[in-house]
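Open the model in your viewer and keep the selection panel at hand. The tour below moves from one selection to the next and says what is found at each stop.

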Amino acid sequence: MKVFVYNYRRFDEEKYFQQYAEEFGFELGYTEESPTIDNCGLADGCDFISIITTPITPEMMDRFKEGGVRMISTRTIGYDHIDIAYAKRIGMTVTHITYDPEGVAEYTVMMMLMAIRKAKNILERGKDNDFTLDGLIGGELGDMSVGIIGTGRIGRSVLRDLSGFGCRLYYCNRSPSEEADRYAERVDMDELLGMCDVVSLHLELNKDTFHIMGPEAISKMKKGALIVNTARGPLIDTDALAAGLDSGQVGGAALDVIEDEFGLYYYDCSGRELDNKALKVLRGRPNVLITQHMAFYYENAIRDMVYNSLYGMKMLADGKEIPYRLA
């Protein structure tokens with residue numbers, strides 16, 4: 001069985017791809033390039049391909065299928081870069097993966113703390129040898145109410161981690177969670193937005209969650225609240241967030257993800273003029289902290305991504321139930 005890997009990274013993934021490909025009996029091919037319609041042919045003769053958050057269009061899917069590919073595995077939790085409906089239509093198997101959530105939870109809490117303590121401003125001033133205090137006074141997480149929207153594995157881990165800070169915790173989810181109930185009170189979204197000093201998003205991106213934080217939701221937030229997003233960029237309407245920051249309705253934002261980040265994040269864009277609205281209207285603000293989709297990036301997660309991507313392929317090859325199947 002042959003596997004072709006796109007966006008193959010020698011500096012962190014290679015040891016795991018080599019280890020698990022040998023363990024599962026796969027022949028491995030790879031490129032450091034992203035998949036495009038022009039390089040789909042690299043996977044000709046392969047049964048499976050592994051990708052990251054790079055768009056897979058219907059045209060590309062047809063070309064992969066023509067070359068013998070039976071399954072596309074994205075070694076990411078998110079899968080909004082793949083046309084799942086089209087994959088089902090043409091009989092292309094698609095999977096995503098899961099990974100240890102603890103590092104993302106820790107990163108989320110770190111971003112909350114950095115925003116509350118104005119770490120961006122402190123670091124920028126220090127870089128210029130400006131060590132004054134005016135305007136840098138911070139808050140304390142333990143004095144705040146924090147709301148978690150979405151209590152999957154990551155959301156629940158964030159709640160557990162926050163429980164040690166002494167803050168008041170609330171969560172909003174379609175269904176109750178016994179684990180989340182140990183740390184937080186379940187409320188509806190409007191109530192959560194109206195009472196919380198910090199709102200953190202932990203949802204998958206789909207047609208129901210796209211721009212879930214739009215003008216209406218932002219208008220319901222407690223005035224001056226902080227919004228944190230380590231999930232998916234399009235959960236937040238960039239224009240609505242900018243307007244909320246301008247009016248003071250939103251006190252600040254800590255964003256590990258932004259809208260339209262494909263083609264930017266994980267590439268060296270130094271020296272390029274970037275045409276990204278979110279970066280243009282948000283990055284320069286003193287009360288907005290932006291990192292380049294890094295919450296996922298820790299050793300256990302990289303190991304799990306590679307293993308689970310190849311494991312799903314192995315299950316298909318063996319005719320067994322495929323975990324995390326989307327199509």
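Begin at the boundary between the two domains of this predicted model: across the interface of domain 1 and domain 2, the rule finds one salt bridge. To see it, select D80 and R232, whose side chains meet with an N to O distance of 3.6 Å. Among the residues on the side of domain 1 that touches domain 2, five are nonpolar, seven are polar and two are charged. The same interface also holds six residue pairs in polar contact, with both residues of each pair at pLDDT 80 or more.

Next, colour the two domains separately, taking residues 1–97 together with 296–316 as domain 1 and residues 100–288 as domain 2. Their C-alpha centres lie 30 Å apart, and where the domains meet, 14 residues of domain 1 are in contact with 12 residues of domain 2.

Now show the surface between them, where about 1000 Å² is buried, with carbon and sulfur atoms giving 53% of that area. Within domain 1, select D80, F296 and Y298, the residues that lose the most area to domain 2 and that together make up 45% of what that side buries. D80 is thus a selection to keep, as it is also the partner of R232 in the salt bridge.

Finally, select residues 109–295, which an unreviewed UniProt entry annotates as "domain: D-isomer specific 2-hydroxyacid dehydrogenase NAD-binding". Over this range the chain is 32% helix and 16% strand, and the C-alpha atoms at the two ends are 11 Å apart.

Note on methods:
Residues numbered from 1 in each chain as written. Predicted model: local features only at pLDDT ≥ 70, side-chain atom pairs only at ≥ 80, totals over all residues. Heavy atoms only, no water. UniProt positions renumbered as here; feature names shortened; annotations may be inferred. Helix = DSSP H or I, 4+ residues; strand = E, 2+ residues; numbered from the N terminus. Domains from an automatic or database assignment. Contact = heavy atoms within 4.5 Å. Buried area = accessible area lost by both parts, 1.4 Å probe. Salt bridge = Lys/Arg side-chain N within 4 Å of Asp/Glu carboxyl O. Polar contact = N/O pair within 3.5 Å; in protein donor to acceptor, adjacent residues only side chain to side chain. Nonpolar A, V, L, I, M, F, W, Y, C, P; charged D, E, K, R; others polar.
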